[in-house]
Amino acid sequence: MSKKIHTEAVDSLFDAVLSLRNREECYQFFEDVCTVNEILSLSQRFEVAKMLKEKKTYLEISEKTGASTATISRVNRSLNYGNDGYDMVFDRISKE
């Protein structure tokens, strides 16, 4: 990735996210910060990642989520060559 995301502004945003205490606070904050489509896109990518981890096919994923094959490929690339962020979250969620 050529864009540098480690900035003070991004740190500040992440600190704000980390201050949220529950799902309702997440809804309040993200609805103010993001458009509805941005939130839905993020949730779609997360759903795609879960389904890829479950070894679902691109066709199954596309049919269930409405994601394009380009989006599914992008998420798959993150799962295989990214920073392991999805895996970290999936591990934590599975322990709850």
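Is Lys50 buried, exposed or partly exposed? Lys50 is partly exposed, with a relative accessible area of 32%. That value comes from a predicted model, as does every value in the legends below.

**Figure 1. Overview of a predicted, six-helix protein.**
The protein has six helices and zero strands. Read from the N terminus, its elements run α-α-α-α-α-α. Along the principal axes, the C-alpha atoms fill a box of roughly 35 × 30 × 30 Å. Of the 96 residues, 14% are buried. Three salt bridges are present, and the next views show them.

**Figure 2. Lys50 and Glu47 form a salt bridge within helix H3.**
The two side chains meet at 3.2 Å, N to O. Both residues belong to helix H3, which spans residues 36-53. They sit three residues apart, about one turn of the helix. Lys50 is partly exposed at 32% relative accessible area. Glu47 is partly exposed too, with a value of 23%. Both values fall between the 20% cut-off for buried and the 50% cut-off for exposed.

**Figure 3. Lys64 and Glu47 form a salt bridge between two helices.**
The closest N and O atoms of Lys64 and Glu47 are 3.2 Å apart. Lys64 lies in helix H4 (residues 58-65) and Glu47 in helix H3, so this pair ties together parts that are 17 residues apart in sequence. Lys64 counts as exposed, with 58% relative accessibility. Its partner Glu47 is partly exposed, at 23%. Glu47 also pairs with Lys50. Glu47, Lys50 and Lys64 are thus linked in a network of salt bridges.

**Figure 4. Lys53 and Asp87 form a salt bridge between helices H3 and H6.**
The side chains of Lys53 and Asp87 meet at 2.8 Å, N to O. This pair links distant parts of the chain. Lys53 lies in helix H3, and Asp87 lies in helix H6 (residues 85-94). The two residues are 34 apart in the chain. Lys53 is partly exposed, with a relative accessibility of 43%. Asp87 is partly exposed as well, with 22%.

**Figure 5. Four residues make a nonpolar patch on the surface.**
Leu13, Phe14, Val17 and Val33 form this patch. Its area is about 310 Å². Helix H1, residues 8-18, gives the most to the patch, with three residues. Phe14 is in helix H1. The relative accessibility of Phe14 is 46%, so Phe14 counts as partly exposed. Phe14 appears again in the next view.

**Figure 6. The largest pocket is lined by 34 residues.**
This pocket has a volume of about 2100 Å³. Nearest its centre lie Phe14, Leu42, Phe46, Tyr86 and Val89. Five helices each supply at least two residues of the lining: H1, H2 (23-33), H3, H5 (69-81) and H6. Helix H2 gives the largest share, seven residues. By residue class, the lining divides into 20 nonpolar, six polar and eight charged. Phe14 thus belongs to the pocket lining and to the nonpolar surface patch.

**Figure 7. Leu79 is a buried residue of helix H5.**
Leu79 has its place in helix H5. The relative accessibility of Leu79 is 13%, so Leu79 falls under the 20% cut-off and counts as buried. Ile39 is 40 residues away from Leu79 along the chain. The C-alpha atoms of Leu79 and Ile39 are separated by 20 Å.

**Figure 8. Lys55 has a positive phi in the loop between H3 and H4.**
Lys55 is not a glycine, although its phi is positive, at about 65°. The residue lies in the loop that runs between H3 and H4. Lys55 has 71% relative accessibility, which is over the 50% cut-off, so Lys55 counts as exposed.

**Figure 9. Asp84 has a positive phi in the loop between H5 and H6.**
Asp84, which is not a glycine, has a positive phi of about 65°. It is found in the loop between H5 and H6. The relative accessible area of Asp84 is 46%, so Asp84 is partly exposed.

Definitions and conventions
Residues numbered from 1 in each chain as written. Predicted model: local features only at pLDDT ≥ 70, side-chain atom pairs only at ≥ 80, totals over all residues. Heavy atoms only, no water. Helix = DSSP H or I, 4+ residues; strand = E, 2+ residues; numbered from the N terminus. Buried < 20%, exposed > 50% of the residue type's maximum accessible area, 1.4 Å probe, protein only. Patch = residues over 30% accessible without salt bridge, like charges linked within 9 Å, V, L, I, M, F, W, Y side chains within 5 Å. Areas by Shrake-Rupley, 256 points an atom, 1.4 Å probe, with all protein chains shown as cover. 1 Å grid on protein atoms, 1.4 Å probe; cavity = no way out; pocket = protein on both sides within 12 Å on 5 of 7 lines; lining within 4 Å. Points joined across faces, edges and corners; volume = space filled by probe spheres on them. Nonpolar A, V, L, I, M, F, W, Y, C, P; charged D, E, K, R; others polar.
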